[in-house]
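Let's take a friendly walk through a protein model. Have a look at the fold below, and then we can go from single residues to sheets, cores and rings.

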Amino acid sequence: MFFGKKKETDSLREAPLGYWEEKSYMLAVPKDGAKNMLDGIFDRVAAINGVQIKGKCLPGEEQPGKIILTYDGEEYDVGFYVGGFCLPDMFGHQNYYFSEDEIAKLRQADTSLTIFMEFHEDSRKSFHLQLKLAVAMVPDLLGIMDESAEKMICAKWAVMTAASDVAPRSEDLFIVQAISHKNGEIWLHTHGLCRCGITELEILKSDKKNYDNHYHVLSTFASYLLDKKETFVPGKSSAYIGILTNQQPIVVTYIPWTEGLKEYKKLSLGGLDDRKEGHNSKTSTVFVYKNEEDEKNGKLTKISEFNRIWGDNPMFFISNEETDRMRTLARERFLFVKEQADKKDNKILIKVGLPIDDEDQNSDNLEHIWFELISFEGERFKAKLLQEPYDVADMHEGDEAWFTVDDVTDWIIYTPEFSVTPGTAYRLV
């Protein structure tokens, strides 16, 4: 990566992608080791709804096993092999819940089935398929190490997601890691995006006070790139991902790390010394545009220069694609709301889409607003409005009304121990 005696910033070179970046690698960990793991494996894969096997072979001494299959009109080549497993000390688990017993068993586990495949254009669909394969191929699943994203996935979430008709959210395909220095400097970067055909993202020179906002910048930007599937030109294209409390738009872009490092004179983290073994392939530094003129002229601003104007509650946008996915998932898993409704210690909130008065103000002609569940009557439920609507004149805070699952766009169940959303419903299983 270094050539001659040029300045360090002149000798930066992007390294080739690693195997875990070119393809998606998952290690499915069984509860009882490798005993009979491969018995009936092709029959279990063939039983996945929508999957047809076109070719197959078991692993040999020198070659991994292979399955050629079609799924939702596309053909995939899937490789697999039985190997070892060791739970890394610092492996992230992001938003997945593991019980103490599951963690203890994962620490004792020493065997896994590695499943690897190339993602197609729709990365969420490819990720969903790989989860379905992992759950089918290892039915006594203890957990999944998503090697490409450097995180652990709990078995209950994987099983429930694999059985769903709704693909996972884009945020499930990657992780944002934070590495801190003793001087307080923080380096934020993603893992898992390269397998999706896009660059990893990073923010340099973050700090303890601002890293949470910077985390949301990376997460929202990554989800934007995955959802939009648009060609993004580094340093020229931009994404409008949020707005600050002073109404300053959050408009971001990225440039390759080999160029991004040149914008920083001194780094405690994320410099060349930290990139000798990794973070040196397809990864890019995120910058912001302060205004339209800067965007037009390609004038980049470091994320840290926004620190003094973040405010208390910046708003980060959710794509229309994610809004539609959330609504579909909330309805698919509404049975959990009905099951938990009779438990007296639970409090349940349901988000309902109310038709608005002025159709020009909302693209889907609905105002999505929270109600508190009162009771069920057959397929209907009664709920109380918790806030004053903006664009619905005939309903007010405290009003009660009847709805059906077709009106639902989201929900939260507050139990005495924890809260549950459609995405974390596995905690109730």
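Setting aside neighbours within four places in sequence, Ala134 is in contact with Ala28, Ile115 and Ile144, where contact means heavy atoms within 4.5 Å. This is a predicted model, in which local features need pLDDT of at least 70 and side-chain atom pairs count only at pLDDT 80 or more, while totals for chains, interfaces and linings use all residues. Residues are numbered from 1 along each chain as its sequence is written, and side-chain values use heavy atoms, with hydrogens and water left out.

Ala134 belongs to helix α4 (residues 123-137). Helices (H or I, at least four residues) and strands (E, at least two) are DSSP runs, numbered from the N terminus. Is Ala134 buried or exposed? Ala134 counts as buried because its relative accessibility is 1%; buried means under 20% relative accessible area, exposed over 50%, and partly exposed in between (1.4 Å probe, protein chains only). Between Ala134 and Ala155 there are 10.0 Å from C-alpha to C-alpha, and the two are 21 residues apart in sequence.

**The sheet of seven strands**

An open sheet of 7 strands runs in the order β2-β3-β4-β5-β1-β6-β7, with antiparallel pairing. Two strands pair if DSSP finds at least two bridges between them. At the edges are β2 (51-57) and β7 (151-154), each pairing on one side only. From one strand to the next, the twist averages 25 degrees. Within this sheet, strands β1 (residues 24-30) and β5 (residues 111-117) run antiparallel and are joined by 5 bridges. Met26 stands opposite Ile115 in β5. Helix α5 (residues 155-163) packs on the sheet, where it touches β6 (141-146) and β7, and its direction makes about 70 degrees with that of β7. For such angles, axes are lines fitted to C-alpha atoms, for helices over the stretch in contact, and the angles run from 0 to 180 degrees between N-to-C directions.

**The sheet of six strands**

Another open sheet has 6 strands in the order β19-β18-β17-β16-β20-β21, and its pairing is antiparallel. Why is one side of β19 (400-403) and of β21 (419-420) left without a neighbour in the sheet? These strands stand at the edges and each has a single partner strand, so one side of each has no neighbour there. Strand β20 (residues 408-414) pairs with β21 in the antiparallel sense over 2 bridges, and Tyr414 has Ser419 in β21 as its bridge partner. Helix α9 (residues 320-332) packs on this sheet, touching β17 (366-377) and β20, and its direction makes about 60 degrees with that of β20.

**A hairpin and its surroundings**

Strand β11 (residues 239-243) is largely enclosed by the rest of the structure, because 4 of its 5 residues are buried. Here are its two pairings, side by side.

| Partner of β11 | Bridges | Sense | Facing residues |
|---|---|---|---|
| β12 (residues 249-256) | 4 bridges | antiparallel | Ile243 and Pro249 |
| β15 (residues 315-316) | 2 bridges | antiparallel | Gly242 and Phe316 |

With 5 residues between them, β11 and β12 form a hairpin, and Gln247 in the turn has a positive phi of about 75 degrees. Phe316 also appears among the contacts of Asn213, which touches Trp310, Pro314 and Phe316, not counting residues up to four places away in sequence. Asn213 lies in helix α6 (residues 211-228) and is buried, with a relative accessible area of 14%.

**Cores and rings**

A nonpolar core is a set of buried Ala, Val, Leu, Ile, Met, Phe, Trp, Tyr and Cys residues joined through side-chain atoms within 4.5 Å. Which members of the largest core touch the most other members? They are Leu69, Phe221, Ile350 and Trp411, out of 103 residues. Apart from that core lies another, of 10 residues, including Ile255, Leu261, Tyr264 and Phe287.

The structure holds 15 aromatic pairs. Rings of Phe, Tyr and Trp (its six-membered ring) pair if their centres lie within 6.5 Å; planes under 30 degrees apart count as stacked, over 60 as edge-to-face and the rest as tilted. Phe42 and Phe80 form an edge-to-face pair, with 6.2 Å centre to centre and 80 degrees between the planes. This pair links distant parts of the chain, with Phe42 in helix α2 (residues 41-46) and Phe80 in strand β4 (residues 74-84), 38 residues apart. Both Phe42 and Phe80 are buried.
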